[in-house]
Amino acid sequence: MSASISSRDISAAPRVLVVDGSKVVRQLITRVLQKELPQAEVVDCGTGAEAHRLLDSGVFDFITIALRLPDMDGLELARYVRESAPQIYVPIVVVSGDVDDRLHRRALGEHVTDYFDKSLGFQALAEFIRGYVRPESAAEGVVLYVEDSRVVALATRRMLEKIGLTVRHVVSVEDALVLLETERGQGTVGADVVLTDVSLKGELTGGDLLKYIRTEFGYGKGKLPVLVMTGDENPDNQAALIRAGANDLVEKPVEERLLITKLLFQLRVAQHLRARESAGAA
């Protein structure tokens, strides 16, 4: 799954292509993007054929695609982009209300960079896109990082600390559970997001950690997001991790920009959900 962006210089005004069969949805996405990313040029269209013409006439820095278009499946359009230079490396994000089903089956295909669930709201989508076209240089949050390789852990920790994140690194699921249990006893969660490898030394795996977090601790995806790093390309195994409660997956070898973008997005969504929950309880 490619995570690189087009080679075009986007230091000035990034171009975003919004492809959706609903005029209302296109207007909503465009309105939010123009407010949140005023420097961006937003171009929208309603069919795959229109998207073909736009893609053939100019380069875009980011593309959102609905799964269902009037004249083709959104994944067909994604494949066309990948096969049509110079668009081969542009981030392509599926924006859909039913993306979870295909995500659970890991059926979004190799041509899609990422996905976005409409239920999170278009405000969150703007933040999501900003992570790609305007990466944050600084962030706040605590990451519980589970990795048993010293070399990998050192490199990844530097990535995260470089942008201001606090990293609590442990080498096993057992150690992570002790930390989470201790924090729960003190009335706190202990982290804003969990980043874990699947294969770890010890008896427990990253999948086991997911099970404990979602069932034993009862932390939902908004309460404690979990991002899983895996080198296993088997769709069934990836689907099992999503069903077990992973917010998202990052395939290994890890590409820094993709990891940071996904991690920061999960942090922002969790903060948004917690703020909304607090406002409702007030």
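**A walk around the model**

Reader: What relative accessibility does Arg 26 have?
Author: Arg 26 counts as buried, a word kept for residues under 20% relative accessible area (over 50% is exposed, in between is partly exposed; 1.4 Å probe, protein chains only). This is a predicted model, in which local features need pLDDT of at least 70 and side-chain atom pairs pLDDT 80 or more, while totals for chains, interfaces and linings use all residues. Residues are numbered from 1 along each chain as its sequence is written, and side-chain values use heavy atoms, with hydrogens and water left out. For Arg 26, the relative accessibility is 13%.

Reader: Happy to start there! Which helix holds Arg 26?
Author: Helices (H or I, at least four residues) and strands (E, at least two) are DSSP runs, numbered from the N terminus. By that count, Arg 26 is in the helix of residues 23-36, named α1.

Reader: Within what arc do the buried residues of α1 fall?
Author: Buried in α1 are Val 25, Arg 26, Ile 29, Thr 30, Val 32 and Leu 33. They line one face of the helix, because the directions from the helix axis to their C-beta atoms fall within an arc of 165°.

Reader: And which exposed residues does the other face of α1 carry?
Author: Here we look at the face turned away from the buried side of α1. The exposed residues there are Lys 23, Val 24, Arg 31 and Lys 35.

Reader: How far apart are the end C-alpha atoms of α6?
Author: The expected span is 1.5 Å times one less than the number of residues. Helix α6 has 13 residues (150-162), so it should span 18 Å. The model agrees, with the end C-alpha atoms apart by 18 Å.

Reader: Which residue just after α6 takes a positive phi?
Author: The phi in question is about 100°. The residue that takes it, just after α6, is Gly 164.

Reader: Now to the annotated site: which residues does Asp 197 touch?
Author: The unreviewed UniProt entry annotates Asp 197 as "modified residue: 4-aspartylphosphate"; positions follow the numbering used here, feature names are shortened, and annotations may be inferred rather than shown by experiment. Asp 197 lies in strand β8 (residues 193-197) and is buried, with a relative accessible area of 5%. Contact means heavy atoms within 4.5 Å. Not counting residues up to four places away in sequence, Asp 197 touches Val 146, Glu 147, Gly 206, Met 229 and Lys 252.
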